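This report introduces the structure shown below. It begins with a single residue and then moves outward to the core, the meeting of the chains and a sheet.

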Protein chains: 2
Amino acid sequence: MKQSKIFTKTTKELPKDETSYNAQILIKAGFIDKLGAGVYSFLPLGHLVHEKIKNIIRQEMEAIGGQEILMPALNPKENWEKTGRWDGLEVLFKLKGKDKKEYALAATHEEVVVPLVKRHIFSYKDLPVYVFHIQTKFRDEPRAKAGLLRGREFSMKDLYSFHTSEADLDDYYEKVKVAYFKIFSRIGLGEVTFFTFASGGSFSKYSHEFQTLSAAGEDIISICDQCKLAVNKEIIEEQKACPQCGQQDLKQAKAIEVGNIFKLGSRYSKPFGLTFTDGSGKPHDVLMGCYGLGPSRALGTIVEVHHDEKGIIWPEAVAPFACHLVSLNKNEEAEKIYEQLVSGGVDALYDDREISAGEKFVDADLIGIPYRLVVSAKSLQAGGVEMKKRNEKEGKIVKIVELIKYLKP
Amino acid sequence: MKQSKIFTKTTKELPKDETSYNAQILIKAGFIDKLGAGVYSFLPLGHLVHEKIKNIIRQEMEAIGGQEILMPALNPKENWEKTGRWDGLEVLFKLKGKDKKEYALAATHEEVVVPLVKRHIFSYKDLPVYVFHIQTKFRDEPRAKAGLLRGREFSMKDLYSFHTSEADLDDYYEKVKVAYFKIFSRIGLGEVTFFTFASGGSFSKYSHEFQTLSAAGEDIISICDQCKLAVNKEIIEEQKACPQCGQQDLKQAKAIEVGNIFKLGSRYSKPFGLTFTDGSGKPHDVLMGCYGLGPSRALGTIVEVHHDEKGIIWPEAVAPFACHLVSLNKNEEAEKIYEQLVSGGVDALYDDREISAGEKFVDADLIGIPYRLVVSAKSLQAGGVEMKKRNEKEGKIVKIVELIKYLKP
């Protein structure tokens with residue numbers, strides 16, 4: 001795509017009404033726009049990244065049998081009263097229609113998915129079932145000052161699993177754990193994300209969070225270096241030791257909760273009467289698990305983890321474009337190279353704007369596309385472009401044919 | 001995909017709490033689920049169709065320069081007060097946060113897109129700009145009894161265009177008109193959709209609706225057979241004649257409004273002070289157009305237009321699968337053919353359920369996938385499957401190799 005065609009502009013200054021780094025830099029670089037506290041628009045570059053993250057999540061959920069659906073945000077009060085969360089869930093936004101009917105804006109979707117699945121599950125033969133959706137969630141967060149890390153409106157992938165037995169739930173829970181690490185690894189958060197023990201409610205001793213180390217994190221986790229896992233604040237205050245090896249010498253660190261998985265048991269199937277019949281026709285409660293991972297929060301987390309003083313450094317799999325072509329007064333030749341890249345199947349952003357080379361370089365570093373390609377008299381003489389990785393200092397001349405081979409997905 | 005893996009089930013009866021055909025048949029066939037009046041979930045089959053419609057719309061919007069973004073649903077009251085629509089738009093859902101801040105749930109997005117674009121547009125050099133998003137909209141509809149045709153929560157593609165001159169707006173408006181007809185043609189509504197004159201507000205004499213002929217339609221249009229266009233009820237009551245040729249012998253018909261396009265002029269740029277500077281630095285109001293097309297309503301409309309007494313007949317481009325493979329007691333052979341289809345790149349649904357052939361045929365007709373492939377002793381003897389189009393009576397034996405060539409996208 002030609003950069004002159006993208007309607008957004010980068011700015012010289014950071015926005016004054018933002019305190020979080022991720023929102024500041026994403027606004028400055030033209031990826032998002034702030035509408036209100038915890039409420040953002042995704043602009044063309046941000047939308048591309050957001051969609052790439054969603055697609056990676058979608059692929060990994062489908063790989064473990066997840067069936068994609070889409071559930072509504074506007075939820076009848078009755079559903080939330082049944083589970084006790086109309087009054088029990090503090091962050092719930094509530095509203096009233098002209099016909100005096102009351103609604104919740106879904107902050108999570110157990111209250112929708114359980115009665116929905118109940119209309120299709122009858123016997124043990126219909127189980128297990130795994131459904132997920134990627135949908136906007138609404139939460140009336142009292143403090144929404146962390147940019148995309150804590151939104152009042154944000155995107156969420158929530159998967160719900162339905163089982164006949166605890167063993168089957170346990171088994172699937174482990175599969176989701178593995179799938180989550182695949183996702184975090186693919187979006188560039190694998191190495192800094194810890195499997196973290198959290199409180200489990202009534203059904204299981206623990207639930208688990210996926211916590212990404214970051215100074216911007218609002219959580220504090222205690223890391224066991226031997227087991228390569230962590231416990232959250234709540235747990236460590238209770239037991240003061242690693243739940244796996246028992247050692248007490250844990251290292252505290254700030255972290256962002258990028259995902260969580262939870263064994264619900266019959267907590268939500270019971271109020272809606274979601275049962276299955278066994279081989280002899282006897283009814284039992286369906287057992288459930290729920291698994292959350294927010295694409296917009298993940299996007300903010302990637303920015304918190306991958307940046308330097310000049311701007312963002314996108315991991316390749318989620319970058320808005322594979323490469324950023326910049327011309328140093330060689331527009332005619334650059335245009336040709338851009339066309340070669342595009343027809344070769346390379347996803348390139350071409351800075352064709354009539355501004356100085358210096359301004360183009362500043363913007364390229366700010367926007368953070370993984371490979372910068374510079375077309376100059378020098379590079380043309382050597383028969384190619386100067387390719388430089390965003391996180392490296394030195395570039396090298398690469399011929400166009402090799403470039404296409406290298407950058408093609 | 002194997003049908004046994006899809007968690008939804010078809011039902012024998014139509015749902016009793018639905019009066020509209022589209023919702024009745026989509027629920028019966030397992031495409032959607034009703035959460036409340038005008039509020040539906042998309043189940044796996046319905047989600048596939050919904051996404052295909054969205055992607056066709058997306059492609060045609062990008063083809064006319066549209067840049068995709070994503071704007072929030074939770075909108076600050078101030079934005080809606082600025083345009084006079086906080087009190088002026090009757091269908092607006094309103095809510096209050098715990099901090100007493102008031103919000104609207106976006107029923108349309110002028111109040112978000114104008115201040116957003118204002119932060120990136122300064123001079124005539126920055127125009128024109130075309131942005132669109134595909135987002136959930138909320139409207140407090142007093143009567144929400146038409147299934148997907150009139151939702152309280154529904155999907156909408158809204159495109160907004162920004163121009164320096166009326167001529168430029170007029171020119172783009174024509175491009176959108178052509179793109180809309182491409183979309184309606186691709187999703188199977190081209191032949192029954194009329195370009196319809198509607199009232200235009202203060203800026204232009206007319207706006208335009210795209211009206212699809214259907215007995216389920218809530219609108220009445222008057223068709224001019226000579227000009228192959230229509231006028232809506234409002235206009236015909238005023239002028240009683242075709243706006244193009246002037247003839248008064250117009251034919252009345254029920255229709256569903258599947259899209260509308262509107263020249264806004266400076267109606268929304270003025271309240272937000274969205275201006276551009278000309279060559280001499282003088283500021284002018286930016287002129288706008290807006291263009292709506294709802295994927296979920298389009299889905300409901302397709303169902304109203306394309307069905308028979310047995311069920312849905314999906315147009316190929318939006319069908320959940322390209323073909324529906326059904327085995328008549330030849331599961332081993334059918335399984336092999338399914339694998340051949342899949343590895344050949346054909347998007348096949350394979351009914352591998354242990355139910356009678358009769359039940360499978362009833363479900364295949366109900367679900368409405370364009371091609372039914374039957375594997376039987378007879379078809380295997382002739383070296384293939386019996387392929388029958390959903391809307392034809394007779395099938396014919398087709399060899400697998402030919403089938404793959406024919407059904408591959």
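V117(B) touches F7(A), V129(B), V131(B), F162(B) and L274(B), leaving aside residues up to four places away in sequence; contact here requires C-beta atoms, placed from the backbone, within 7 Å. The model is predicted: local features need pLDDT of at least 70 and side-chain atom pairs count only at pLDDT 80 or more, while totals for chains, interfaces and linings use all residues. Residues are numbered from 1 along each chain as its sequence is written, and chains are lettered from A and ligands numbered from 1 in the order in which they are written.

V117(B) belongs to the largest nonpolar core, of 243 residues, where V117(A), L325(A), V117(B) and L325(B) touch the most other members. Helix α6 (residues 166-186) of chain A gives the most to this core, with 8 residues. Such a core is a set of buried Ala, Val, Leu, Ile, Met, Phe, Trp, Tyr and Cys residues joined through C-beta atoms within 7 Å; buried means that 20 or more other C-beta atoms lie within 10 Å of a residue's own. Helices (H or I, at least four residues) and strands (E, at least two) are DSSP runs, numbered from the N terminus.

Chain B is superposed on chain A by a rotation of 180° with 0.0 Å of shift along its axis (RMSD 0.0 Å), which is the relation of a two-fold axis. The fit is by least squares on the C-alpha atoms of residues with pLDDT of at least 70 in both copies. The C-alpha of L95(B) comes closest to the axis among the residues of chain B, at 2.6 Å. Each chain, A and B, brings 43 residues to the contact. Because 100% of the interface residues of chain B are also interface residues in chain A, the copies meet through the same surface.

Chain B also holds an open sheet of 5 strands with mixed pairing, in the order β20-β19-β21-β22-β23. Strands count as paired if DSSP finds at least two bridges between them. β22 (residues 384-389) and β23 of chain B are antiparallel over 4 bridges, and M387(B) stands opposite K396(B) in β23(B). Two helices lie across strands of this sheet, as tabulated; angles run from 0 to 180 degrees between N-to-C directions, with axes fitted to C-alpha atoms, for helices over the stretch in contact.

| Helix | Strands crossed | Angle |
|---|---|---|
| α11(B), residues 357-367 | β19(B), β20(B), β21(B) | about 175° to β19(B) |
| α13(B), residues 400-407 | β19(B), β21(B), β22(B), β23(B) | about 90° to β23(B) |

Terms used: Contact = placed C-beta atoms within 7 Å. Buried ≥ 20, exposed ≤ 12 C-beta atoms within 10 Å, placed from the backbone.
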